[in-house]
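Biologist: I've got a model open and I'd like to know how its labels are earned. Can we go through them together?

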Amino acid sequence: MDKLIVKHGGYRGLKTFQLSQLIFDITIRFCDRFVGIKSRTHDQMVQAARSGVQNIAEGSQASGTSKKTELKLTNVARASLEELRLDYQDFLRQHKLIMWELNDPRRQALIDQRLNTADEFVLWVKETRNKQDGVAEEIAANGILVLLNVVCTLLDRQINAQAETFQREGGFTERLYRVRAEARKKSRSEQKWTRVDEVD
């Protein structure tokens, strides 16, 4: 029998949530140091990063009763992180800093680190800077862009999977209809056997 409320939540186990949370933590530090706390851009970047985290979590939690809401909120998270990606690209351009090419070995080196905390990211920036005598904000901005590229790719896959599930299984209304139909069918069957017993 179909469950009316399907399994939902568990967003902390999602790689997209974990990466978005890491990006949020790093973005706060980056903006405090390189953008300026009183800057409007500071607030916009921090809010975009926060929106990515919050909407992934809310979408996952809402999925129990509404796959449509889950899909919508995951799309909002994806859009927020795309906005944040543009902000970091703008930062590099406006400060005349270099944006790493797709084949830059530092990109894969960062991915291979599998960082879990903002402290680990800061340490990676320092180590990379010491090896290559680079500019801290350039390395940090490019590093965050690498993480954003990864999470946006994963979110695209997550959104596609959610859309396929919604198309295949429908949402709460469809499940409610199936549950009610099964209940009516079971009730009619029980009434039929009750009448047979009465005849006997």
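Modeller: Sure, and keep in mind that this is a predicted model. Let's begin with helix H1, whose buried residues are Thr-16, Phe-17, Leu-19, Ser-20, Leu-22, Ile-23, Phe-24, Ile-26, Thr-27, Phe-30 and Cys-31.

Biologist: Why are those residues of H1 called buried?

Modeller: The label needs a relative accessible area under 20%, so a residue that gets it has passed that cut-off. As for the cover, what lies over the buried residues of H1 includes H2, H3, H5 and H6.

Biologist: What makes the span of H1 close to the expected one?

Modeller: H1 has 21 residues and reaches 28 Å from its first C-alpha to its last, set against an expected 30 Å at 1.5 Å a residue. Right after H1 comes Gly-36, with a positive phi near 110°.

Biologist: And how does the span of H5 compare with what is expected?

Modeller: H5 runs over residues 118-132, and its 15 residues reach 21 Å, close to the expected 21 Å. Asp-133 follows H5, and the phi of Asp-133 is positive too, near 55°.

Biologist: Which residues of H5 are buried, and how do you know that they line one face of the helix?

Modeller: They are Ala-118, Phe-121, Trp-124, Val-125 and Thr-128. Looking down the axis of H5, you find the buried residues within an arc of 110°, so they line one face. In general, an α-helix has 3.6 residues a turn, so residues three or four places apart point the same way.

Biologist: What sits on the face of H5 turned away from the buried side?

Modeller: Asp-119, Lys-126, Asn-130 and Lys-131, and they count as exposed. That label takes over 50% relative accessible area. On the buried side, the cover includes helices H1, H4 and H6.

Biologist: What makes a set of residues a nonpolar core?

Modeller: Its members are buried nonpolar residues joined through side-chain atoms within 4.5 Å. The largest such core here has 41 residues, and Leu-84, Tyr-88, Phe-121 and Leu-148 touch the most other members. H1, H2, H3, H5 and H6 each supply at least two residues, and the largest share, 11 residues, comes from H6.

Biologist: What does Tyr-88 touch?

Modeller: Leaving out residues up to four places away in sequence, Tyr-88 touches Thr-27, Phe-30, Met-45, Ala-141, Ile-144, Leu-145 and Leu-148.

Biologist: Which elements have the highest and lowest mean pLDDT?

Modeller: H1 has the highest, 97, and helix H7 the lowest, 56. The protein averages 86, with 80% of the residues scoring at least 70.

Technical notes: Residues are numbered from 1 along each chain as its sequence is written. Side-chain values use heavy atoms; hydrogens and water are left out. Helices (H or I, at least four residues) and strands (E, at least two) are DSSP runs, numbered from the N terminus. The expected span of a helix is 1.5 Å times one less than its number of residues. Buried means under 20% relative accessible area, exposed over 50%, partly exposed in between (1.4 Å probe, protein chains only). The arc is that of the directions from the helix axis to the C-beta atoms. Contact means heavy atoms within 4.5 Å. pLDDT is the predictor's confidence in each residue, from 0 to 100.
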